[in-house]
Amino acid sequence: MTGEQGILLYHDIIDCIIAALEAKDRNTADHSRRVSDMSEQVCRLMRLSQQETEKIHIAAHVHDIGKIGIADSVLMKPGKLNEHEWKIVKEHPEIGAHILSRSHGLSEVAHIVLCHHERWDGTGYPNKIGQLDIPLGARIIAVCDSIDAMMSDRAYRKALTSEQCKKEILSNSGIMYDPDIVSVVADNWESVTGAGNFIRHYHKSIIDKCAINKKLLTNGKNLI
Ligand SMILES: [Fe+2]
Ligand SMILES: [Fe+2]
C-alpha cells in the first residue's frame, strides 16, 4: 500500500466510524456534520495549517461518537434529563476517546474528543482543565457545538435565533470559550454559521482539497 492509499484508507475508516454513529442516532450524526463544517471554517479563518484543519475537522465529526455507548433510553429520552441521566450522558467524551484511542493514528483526535466539553474557566468535564491546557481543536469545537445546539429545536425548547445565539456565545467569552476563538467567530458570524448549514459529504470536504487524494480518487475505485 502506498502512502496515498494509506491516507484514503484512513479517511475510509473514519467514514465507517461516522456511519456507525449514524446507524445509532441520526440526529447526533447530522449535528456532528454541521459542527465539523463550522469548525473547519473557523480553522480556515484562523489560518491553521491544512494538517491541523483536517485533524480538527475529523475530531468534530466524531466528537460525540461516545454516545454510541449511552443507552437509548437516556439518549433518546423526550424532555429534560434528571441528574442521574445527565451523569451518564457526561461520560460520552471519555467513551469516545476510549474508542478512538484504539488507533495510534487517531491519538490526537482522541484527545480533542476527550476535551470537547472542557471550559475555558476550568469548570467543564471530564478533567476540569482550562484555558490553553485544552487542545485548540477542542476549544474550536466547543464553540461550534454550542452554536449548533442553541440553533436546533429541543423537545423542551425552541431553537434560539441567530442573534440570540451570537449574544449567548459572546456573553460566555472567557468563561466557557476561548476569547480569541469567540472573537473570530463573532467577526465572521454569517460565514461560520452558514458553513454549518451547508451539508456536504465528509469525503468531499477533505479529499477535494488534497490533490494527491483527488488524483487517486479519479483514477479508480479499487485502491485498497
Ligand atoms: Fe458532546
Ligand atoms: Fe456535540
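**Figure 1. The loop that holds Pro126, between α7 and α8.** Pro126 sits in the loop that links α7 (107-114) to α8 (136-150). The model here is a predicted one, and it makes the peptide bond from Tyr125 to Pro126 cis, with omega near 10°. Most peptide bonds are trans, so a cis one is worth a look when you check the backbone. In this view, then, start at Tyr125 and step across the bond to Pro126.

**Figure 2. Lys128 and Gln131, two residues with positive phi.** Stay in the loop between α7 and α8, which also holds Lys128. Lys128 isn't a glycine, yet its phi is positive, at about 50°. Gln131 belongs to the loop between α7 and α8 too, and its phi is near 45°, again positive in a residue other than glycine. For context, most residues other than glycine have a negative phi. How exposed are the two? Lys128 has 12 other C-beta atoms within 10 Å and therefore counts as exposed. Gln131 has 14 C-beta neighbours inside 10 Å, so it goes down as partly exposed.

**Figure 3. Asp121 and what it meets across the loop.** Asp121 is another resident of the loop between α7 and α8. Which residues does Asp121 touch, not counting those up to four places away in sequence? The answer is Gly130 and Ile175. The chain also brings Asp121 back to Gln131: they are ten residues apart along the chain, but their C-alpha atoms are separated by 6.7 Å. Asp121 has 14 C-beta neighbours inside 10 Å, which means it is partly exposed.

**Figure 4. Helix α7 and its buried residues.** Zoom in on α7 and you'll find Val109, Ala110, Ile112, Val113 and Leu114 buried. What do these buried residues pack against? Their partners are α3, α6 (92-100) and α8. When you trace the helix, remember that residues three or four places apart point the same way, because an α-helix has 3.6 residues a turn.

**Figure 5. Leu114 up close.** Leu114 is part of helix α7. It counts as buried because 25 C-beta neighbours lie inside 10 Å, and the cut-off for buried is 20 or more. Once you leave aside neighbours within four places in sequence, the contacts of Leu114 are Pro93, Glu94 and Ala97. Gly96 is worth picking out as well: 18 residues separate it from Leu114 along the chain, while the C-alpha atoms of the two are separated by 7.0 Å.

**Figure 6. Helices α2 and α3 side by side.** Here helix α2 (residues 26-45) meets helix α3 (residues 50-61), with axes that come within 8 Å and cross at roughly 160°. An angle over 145 degrees counts as roughly antiparallel, so that is the label for α2 and α3. Their crossing is right-handed. On the α2 side the contact is made by Ser32, Arg33, Val35, Ser36, Ser39, Glu40, Cys43 and Arg44. On the α3 side you'll see Glu52, Thr53, Ile56, His57, Ala60 and His61. Sorted by class, the contact has four nonpolar, six polar and four charged residues.

**Figure 7. Helices α8 and α10 at an angle.** The axes of α8 and α10 come within 10 Å, with a crossing angle of roughly 45°. That angle makes α8 oblique to α10. The crossing of α8 past α10 is right-handed. Arg139, Ile140 and Val143 of α8 meet Ile181, Val182 and Val185 of α10. By class that gives five nonpolar residues, no polar ones and one charged.

**Figure 8. Where the predictor is sure, and where it isn't.** Across the protein chain the mean pLDDT is 86, and 87% of the residues reach 70 or more. Which elements mark the two ends of the range in mean pLDDT? Helix α10 (residues 179-187) has the highest value, 98, and helix α13 (residues 211-219) the lowest, 42. Over residues 199-224 pLDDT stays under 50, and the model has 31 contacts beyond four places in sequence for that stretch. For the wider setting, the protein chain has 13 helices and zero strands. Of its 224 residues, 33% count as buried. Among contacts with a separation of 6 or more, 63% come from residues 24 or more positions apart.

Definitions and conventions:
Residues are numbered from 1 along each chain as its sequence is written. Chains are lettered from A and ligands numbered from 1 in the order in which they are written. This is a predicted model: local features need pLDDT of at least 70, side-chain atom pairs count only at pLDDT 80 or more; totals for chains, interfaces and linings use all residues. pLDDT is the predictor's confidence in each residue, from 0 to 100. Helices (H or I, at least four residues) and strands (E, at least two) are DSSP runs, numbered from the N terminus. Two residues are in contact if their C-beta atoms, placed from the backbone, lie within 7 Å. Axes are lines fitted to C-alpha atoms, for helices over the stretch in contact, and angles run from 0 to 180 degrees between N-to-C directions. Angles under 35 degrees count as roughly parallel, over 145 as roughly antiparallel, 65 to 115 as roughly perpendicular and the rest as oblique. A crossing is left-handed if the near helix is turned anticlockwise from the far one by less than a right angle, and right-handed if clockwise. Ala, Val, Leu, Ile, Met, Phe, Trp, Tyr, Cys and Pro count as nonpolar, Asp, Glu, Lys and Arg as charged, and the others, Gly among them, as polar.
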